Amino acid sequence: MNLDLWLAAAAVLASLLALVEHGRLRSLRRTVRRQQAQQREQALDQERAQLDALVRQRTAQLTELTHHLQTAREDERSRLARNLHDDLGALLTSAKLDAARIRSRLAGASPEALERLAHLVEMLDSAIALGRRIIEDLRPSTLNNLGLAATLEILAREFAERSGVDVHCTLAPAPLSVAAELVVYRLVQEAVTNISKYAAARHVWLDMAPQGAQVEVLVRDDGVGFDPAVQRGSAHGLVGMRYRVEAVHGTLEVLSAPGQGTVLRVCLPGLSVASYAA
C-alpha cells in the first residue's frame, strides 16, 4: 500500500514537474520571441533612421545642385543679354542710322522707294524693340535700377496688356537678398505664364509685403484651378519653383482646387534693416 502511495505521489510530482518545465519552456519561448521582435524592431528603426538620413542628404544635395544650376543659368542669361545689347543692339542701331542717312539723300526719289525705306526703318525699330524685350526677359535691368516691387509692377502691366487679364498689384518694398529677388521675379514670371496657358483666369492678384522677419509673396488667380494631389504631366514647373525657393531658404505653398483658382504663397527670409539699407 505504501508503495502504491509512493508511486502515485511520484506520478503527481512528475506531472507537476512536467507542467512547471512546460511553463518554463513556454515562458522561455515567449521571451525569445519578444527579444527577436525587439531586435527586428530595432533593426527596422535603424533602417528607417538610415533612410531618413539618406533622404535628407539627397534632398540637400538636390537643393544645392538646383541652386548651382540656377546660378549657372542666370550667369549664362546675363552673358547672352550683354552680348545681345552690345553686339546686336549696335548692329541694329547702326543699320537704322544708315537708313536715316539714305532717306535724307533720297528726298527726290520715287514714292515707292521712299515707302520701302520707311518700311525698312519700321522693321528696324521693331527689331530693336524685340531685342530689348529679349534682353529684359534674359536679365531684367529694372531689377537692379528700380528694385523688385517696380519690376514686378512692370511685369504685371505687360502681362495684362498681352493677355487681357486684370492684374491687381499690392507690392511693398521687400528687404531681400539679390538672389532671393531674382528667385521671386522668375517665380512670378513663370506663374503668370502658366496662368495665361492653363488657368483661363479673368483676374490675377499679386501681393508682396514683409511679415516680421520674413517676406511673403502671393500670386492668386480666379481660374479653373486643379487638384494638387493629382500628379500631372505639367507639374515639373511647380517642382522647379519649389527647389528654387528652397535654394534661398524659403518655402513654397500651392493651394488650389478644381474651379476655385490657385494661390502660390512664397515665404522668404528677409534681410535686416541695416543690411537692406546698405
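Student: How far apart are the mean positions of the positive and negative charges of the chain?

Tutor: This is a predicted model. In it, the chain carries 32 positive and 32 negative charges, and their mean positions lie 6 Å apart.

Student: Which secondary structure elements should I look for, and in what order?

Tutor: Count first, then walk the chain. There are seven helices and five strands. Starting at the N terminus, the order is α-α-α-α-β-α-β-β-α-β-β-α.

Student: What does the radius of gyration of the chain come to, set against a compact globule?

Tutor: The chain has 36 Å, whereas a compact globule of 278 residues would have one near 19 Å. The box around the C-alpha atoms, along the principal axes, is roughly 155 × 45 × 40 Å.

Student: How many of the residues count as buried?

Tutor: The share is 27% of the 278 residues. The accessible surface is about 18300 Å², and carbon and sulfur atoms supply 58% of that.

Student: What share of the contacts joins residues 24 or more positions apart?

Tutor: Among contacts with a separation of 6 or more, 67%.

Student: What sign does phi usually have?

Tutor: Most residues other than glycine have a negative phi. Now look at two cases here. Ala-200 has a positive phi of about 55°. Its place is the loop between α5 (178-199) and β2 (203-211). His-249 also has a positive phi, near 65°. That residue sits in the loop between α6 (236-247) and β4 (251-256).

Student: Is Ala-200 buried or exposed?

Tutor: Exposed means over 50% relative accessible area. Ala-200 has 61%, so it counts as exposed. His-249 has 68%, so it is exposed too.

Methods
Residues numbered from 1 in each chain as written. Predicted model: local features only at pLDDT ≥ 70, side-chain atom pairs only at ≥ 80, totals over all residues. Heavy atoms only, no water. Helix = DSSP H or I, 4+ residues; strand = E, 2+ residues; numbered from the N terminus. Rg over C-alpha atoms; globule rule 2.2 N^0.38 Å. Buried < 20%, exposed > 50% of the residue type's maximum accessible area, 1.4 Å probe, protein only. Contact = heavy atoms within 4.5 Å. Areas by Shrake-Rupley, 256 points an atom, 1.4 Å probe, with all protein chains shown as cover. Lys, Arg positive; Asp, Glu negative; His and termini not counted. Charge placed at Lys NZ, Arg CZ, Asp CG, Glu CD.
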